[in-house]
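Here is a short tour of a protein model, from its overall dimensions down to the packing of its helices. Have the viewer open as you read, and the points below should be easy to follow.

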Amino acid sequence: MGLLIEGKWQDRPHNTDSGGRFIRTESQWRDWITRDGAPAEGRTRGFKAEPGRYHLYVSLACPWAHRTLIFRALKKLEGIISVSVVHHFMGENGWTFKAEDGATGDTLYGLDFLHQVYAKADPGYSGRVTVPVLWDKEQETIVNNESSEIIRMLNSAFDQWGDAGLDFYPAALRAQIDKINALVYPAINNGVYRAGFATAQKAYEEAFGELFLALDTIEERLSKQRYLTGEHITEADWRLFTTLVRFDPVYVGHFKCNLRRIADYPNLSNYLRDLYQVPGVSGTVNLHHIKAHYYGSHRSINPTGIVPAGPELDYAAPHDRGRFRKAA
Ligand SMILES: N[C@@H](CCC(=O)N[C@@H](CS)C(=O)NCC(=O)O)C(=O)O
């Protein structure tokens, strides 16, 4: 684990504040692919949506990268946007491109490390080297490395080629989706990291308390409706899904998020299986990469790197969410 400082790789741990709280650094590459290629508001670089021009660098272990793979699959963009999958082990060189055990290697340039992709885009770059990365093969640069923005682009910019009938951020639901994201992101998506990477008891307990309070709130909401905003799956559901699917196999043990498992929540566990069983989604979930990455790479938390053999999980088992189906 580390970061680039003026284009040079340095092996460094995650940031924490003086109270031992995990601090997530803001993503720095924030341009947008648009249908007409015009720069997004407040930006100067423009990128036009074109088939075959863009590439995603992802980790199958990473919940943020996972969002982009789900959108790529559901919006039927597999033939339009290519992908390289990094190796699940993230050690002193950060993410690497060994083409083994489900990783593809760097299918564009044959590089060894993801930090070389960042340095290719900007030889003087200073910052963390994270997945996902949305790469422009034409200008050989990073368009964007913030998953919440990449999924919005995949949702609409490529509709000429993808499934234009699916909209996970419909205008009528935007305010509701934004409100749910504002709870789910800090308390759940980032909350598990805040618990797991805390280096002081109080910081851990703060994150732990917020996390389970938010899960309880969502559990209650899902007792009344099939999805977070009602009867349609939206971006808010996919953003929650990538954390839920990692929760019992990893976050309960590795990040000490052990007040309850998702399996102990009747609504959340059925909802998780419902989303997992949406055609195209299970193919984006790789539990081997997920478990091997977290337990194997975070040696400050798990010094032996031993990957637990359990728990038994069956996300393909039947769920009860059809009970919300409206009468015809
Ligand atoms: N805000 C970013 C976060 C991405 C992120 O933190 N990815 C992790 C993997 S789960 C990573 O690459 N970490 C490497 C590091 O921080 O050095 C996003 O949502 O895209």
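The protein chain of this predicted model contains nine helices and nine strands. Buried residues account for 40% of its 328 residues. The notes below start with the whole chain, then turn to helix H4 with its two partners, and end with helix H3.

**Overall dimensions**
- The C-alpha trace spans about 55 × 50 × 35 Å along the principal axes of the protein chain.
- The radius of gyration is 19 Å, which agrees with a compact globule, because a globule of 328 residues would have a value near 20 Å.
- Among contacts with a separation of 6 or more in the protein chain, 65% join residues that are 24 or more positions apart.

**Helix H4 against helix H6**
- Helix H4 covers residues 174–189 and helix H6 covers residues 201–221; the two pack at an angle of about 135°, and their axes are 8 Å apart.
- That angle makes H4 oblique to H6, because it falls outside the roughly antiparallel range, which takes angles over 145 degrees.
- The crossing of H4 past H6 is left-handed.
- On the H4 side the contact uses Leu183, Val184, Ala187 and Ile188, while H6 supplies Glu210, Leu211, Ala214 and Leu215.
- Sorted by class, the residues of this H4 and H6 contact are seven nonpolar, no polar and one charged.

**Helix H4 against helix H7**
- H4 also packs with helix H7 (residues 235–251), here at an angle of about 10° and with the axes 9 Å apart.
- H4 is therefore roughly parallel to H7, as angles under 35 degrees count that way.
- From H4, the residues Ile177, Ile180, Asn181, Val184, Ile188 and Asn189 take part, and they meet Glu235, Ala236, Arg239, Leu240 and Thr243 of H7.
- The contact of H4 with H7 consists of six nonpolar, three polar and two charged residues.
- Val184 and Ile188 of H4 are worth picking out in the viewer: they appear in the contact with H6 and again in the contact with H7.

**The buried side of helix H3**
- Which residues of helix H3 (residues 147–156) are buried? They are Ser147, Ile150, Ile151, Met153, Leu154 and Asn155.
- The elements covering these buried H3 residues include three strands, S3 (33–34), S8 (133–136) and S9 (141–144).
- Helices H1 (63–74) and H7 are also among the elements that cover them.
- H7 thus turns up in two places, in the cover of H3 and in the packing with H4.

Notes
Residues are numbered from 1 along each chain as its sequence is written. This is a predicted model: local features need pLDDT of at least 70, side-chain atom pairs count only at pLDDT 80 or more; totals for chains, interfaces and linings use all residues. Helices (H or I, at least four residues) and strands (E, at least two) are DSSP runs, numbered from the N terminus. The radius of gyration is taken over C-alpha atoms; the globule rule is 2.2 Å times the number of residues to the power 0.38. A residue is buried if 20 or more other C-beta atoms lie within 10 Å of its own, exposed if 12 or fewer, and partly exposed in between; C-beta atoms are placed from the backbone. Two residues are in contact if their C-beta atoms, placed from the backbone, lie within 7 Å. Axes are lines fitted to C-alpha atoms, for helices over the stretch in contact, and angles run from 0 to 180 degrees between N-to-C directions. Angles under 35 degrees count as roughly parallel, over 145 as roughly antiparallel, 65 to 115 as roughly perpendicular and the rest as oblique. A crossing is left-handed if the near helix is turned anticlockwise from the far one by less than a right angle, and right-handed if clockwise. Ala, Val, Leu, Ile, Met, Phe, Trp, Tyr, Cys and Pro count as nonpolar, Asp, Glu, Lys and Arg as charged, and the others, Gly among them, as polar.
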